[in-house]
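Got your viewer open and a selection box ready? Load the model below, and we'll walk through it stop by stop.

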Amino acid sequence: MKTSVPVLCVILISALMVLSACGPAHTAPATDQPASNAEGPPLAKPPANEVIRFLEDRIKRDPYDFIAHNKLAAEYLQLLRETGDVTYLGLARRSAAASLDALPAEHNKGGLVALIQVQFSSHEFASVYDNSLRLIEMEPNRGYPFQFLGDSLLELGRYDEAKAAFLQFEKYGGMQERTRVAIEQRLARLALLNGDNASAKRHFSAAIKIASSAPEPHRETVAWCQWQLGETAFASGDFAAAEKLYRDSLVTFPDYFRSLASLGRVRAAQGELAEAIAFYEQAVDLLPDPYFVAALGDLYHMAGRQQDAERQYALVENIGRLSTLSGSLYNRQLALFYADHDLKTDEAYQIALAEHEVRRDIYGADALAWTALKAGKTAEAQAAITEALKLGTKDARLYFHAGMIENAAGNRSEAKRLLSLSLKTNPGFDPLQAIKAKAVLEALE
């Protein structure tokens, strides 16, 4: 392992200094907006560092060149997608702010788009919603503002409104390759949330086909779609298909941190602990995301490497504490980490409760339910998990949490049903939590 706590602190503090003006980065893909807006050059272009140097030189010569600021923000956001490094998020925010300082949004749609994408990647979903409505007023017959609107509504848990926004995106978006890929991605996510995994697979497969057939395919976009299709296979317990897709993703985009971590997870589910650790170590070296770090700690624990496990768990907390200085980027992950490991249960509950008050999606409800259970608030946990399950999402972790909550409430038959459903859906959904599910289920037999 190459990432130490002091080194990580330096990295994150540097990033937070950049962010002081205000992620798995989840930035919207290319849209149907004009080339002069924030998305920058088309697929065929020089390497990112050359483009960035060119744009920075232009800005040095003319600090009010809002088009150069918009394109620079787009380059930084693309690097954020490719690496997960939040330093680029701060740089993109700076560029978007400089663009809008040079020319207000009323005359600078590209600057507003850049700001919206930065806010989305920073989990400022309410701000994305407000600014998307503003953009729709400026561009009422274009598709891409509805893409941003739908993305924000999805994260806020307003699912019917999100679906309506995506239909508007499809209606006005046109037939460009990048637009079709974006539409298929969003239809897939809606299908997953509503428990239609077969439709999700079709949409992600269509996105891969469309993105791959472009004259000059965007490798990261194709790799993301392959990885997401792998995630869909993993969620259904199809480990062989998931592994193949993750490996395909790494062929498309080598050292893709998402696929490396997911390979670690699927190899753990297949019982290959040493390989799982190796893949997670690679992922953490590239990006010390709290989820990756916690998972690596769990695998070290299972391998009997307790000191290594404790170092990873301490690292999760360090990341969580530092990230609170810049917003809520890792709040949910930190709350779930505490709940999974029976640590700081009251603090975990308060973190999840505060986030759920703003971001009322089903996974926020799940986090609230799980942390409420660990904090001894069983009735509240039951109410929250009911909300989390309302769409019929086929997620083994949701079923596991629901089963554990019902068991704590003394509802043995329902607990048995839900825990059985969790393990049937995906028997390796999590190395440690799946073991707990099996143990409780055996005790209920």
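What follows is a list of things to select, with a short account of what is there.

**The whole chain**

Start with everything shown as cartoon. This is a predicted model, so colour it by pLDDT before anything else. The mean over the protein chain is 89, and 88% of the residues reach 70 or more. In the cartoon you should find 23 helices and zero strands.

Now switch on a surface. The protein chain exposes about 18,300 Å², with carbon and sulfur atoms supplying 55% of that area. Of its 445 residues, 56% count as buried.

**Residues 1-45**

Select 1-45. Here pLDDT stays under 50, although the model has 119 contacts beyond four places in sequence for this stretch. Where pLDDT is low, the predicted coordinates should not be read in detail. Fade this part out and move on.

**Helix 4 and helix 9**

Next, pick Ala92, which sits in helix 4 (residues 86-102). Ala92 counts as buried because its relative accessible area is 0%. Leaving out residues up to four places away in sequence, Ala92 touches Ala73, Tyr76, Leu77 and Val118. Draw a distance between the C-alpha atoms of Ala92 and Tyr76: these two are 16 residues apart along the chain, and the atoms are separated by 5.4 Å.

Then jump to Gln185 in helix 9 (residues 177-193). Is Gln185 buried or exposed? Gln185 is buried, since its relative accessible area is 9% and the cut-off for buried is under 20%. Its C-alpha atom is 6.5 Å from that of Ala207, 22 residues away along the chain.

**Two positive phi angles**

Most residues other than glycine have a negative phi. Two exceptions are worth a click.

- His123 lies in the loop between helix 5 (109-121) and helix 6 (125-138). Its phi is near 65°, a positive value. His123 counts as buried because its relative accessibility is 17%.
- Lys344 lies in the loop between helix 17 and helix 18. Its phi is near 45°, again positive. Lys344 is partly exposed, at 41% relative accessible area.

**Aromatic pairs**

Show the side chains of Phe, Tyr and Trp. The structure holds 15 aromatic pairs. Take Tyr144 and Phe148 as a sample: the ring centres are 6.1 Å apart and the planes stand at 80°, so the pair is edge-to-face. Both residues belong to helix 7 (residues 144-155), and because they are four residues apart there, about one helical turn separates them. Tyr144 is buried at 0% relative accessible area, and Phe148 is buried at 2%.

Another edge-to-face pair is Phe253 with Tyr256, at 5.4 Å centre to centre and 80° between the planes. Phe253 and Tyr256 are both buried. Widen the selection to Phe253, Tyr256, Phe257, Tyr291 and Phe292, and you have a cluster linked by ring pairs.

**Charges over rings**

Keep the rings on and add two arginines. Which ring does the charged end of Arg158 sit over? That ring belongs to Tyr129, and the charged end is 4.6 Å from its centre. For the other example, zoom to Arg265: its charged end sits over the ring of Phe234, 4.1 Å from the centre.

**The largest nonpolar core**

Last stop. In soluble globular proteins, nonpolar side chains tend to be buried together. The largest nonpolar core in this model has 46 residues, and those with the most contacts inside it are Tyr246, Tyr256, Val266, Tyr280, Phe292 and Phe337. To see where it comes from, colour the helices that give two or more residues: helix 11 (219-235), helix 12 (239-252), helix 13 (257-269), helix 14 (273-286), helix 15 (290-302), helix 16 (306-323), helix 17 (331-340) and helix 18 (345-358). Helix 15 gives the most, with seven residues.

Centre the view on Tyr280. Setting aside neighbours within four places in sequence, Tyr280 is in contact with Ala261, Gly264, Arg265, Tyr291, Phe292, Ala295, Leu296 and Leu299. Apart from this core lies another, of 29 residues, including Leu423, Phe429, Ala434 and Ala437. Select those four to end the tour there.

Technical notes
Residues are numbered from 1 along each chain as its sequence is written. Side-chain values use heavy atoms; hydrogens and water are left out. A nonpolar core is a set of buried Ala, Val, Leu, Ile, Met, Phe, Trp, Tyr and Cys residues joined through side-chain atoms within 4.5 Å. Buried means under 20% relative accessible area, exposed over 50%, partly exposed in between (1.4 Å probe, protein chains only). Contact means heavy atoms within 4.5 Å. pLDDT is the predictor's confidence in each residue, from 0 to 100. Accessible areas come from the Shrake-Rupley method with a 1.4 Å probe; for residues, only the protein chains shown count as cover. Rings of Phe, Tyr and Trp (its six-membered ring) pair if their centres lie within 6.5 Å; planes under 30 degrees apart count as stacked, over 60 as edge-to-face and the rest as tilted. A charge sits over a ring if NZ of Lys or CZ of Arg is within 6 Å of the ring centre and within 35 degrees of the ring normal.
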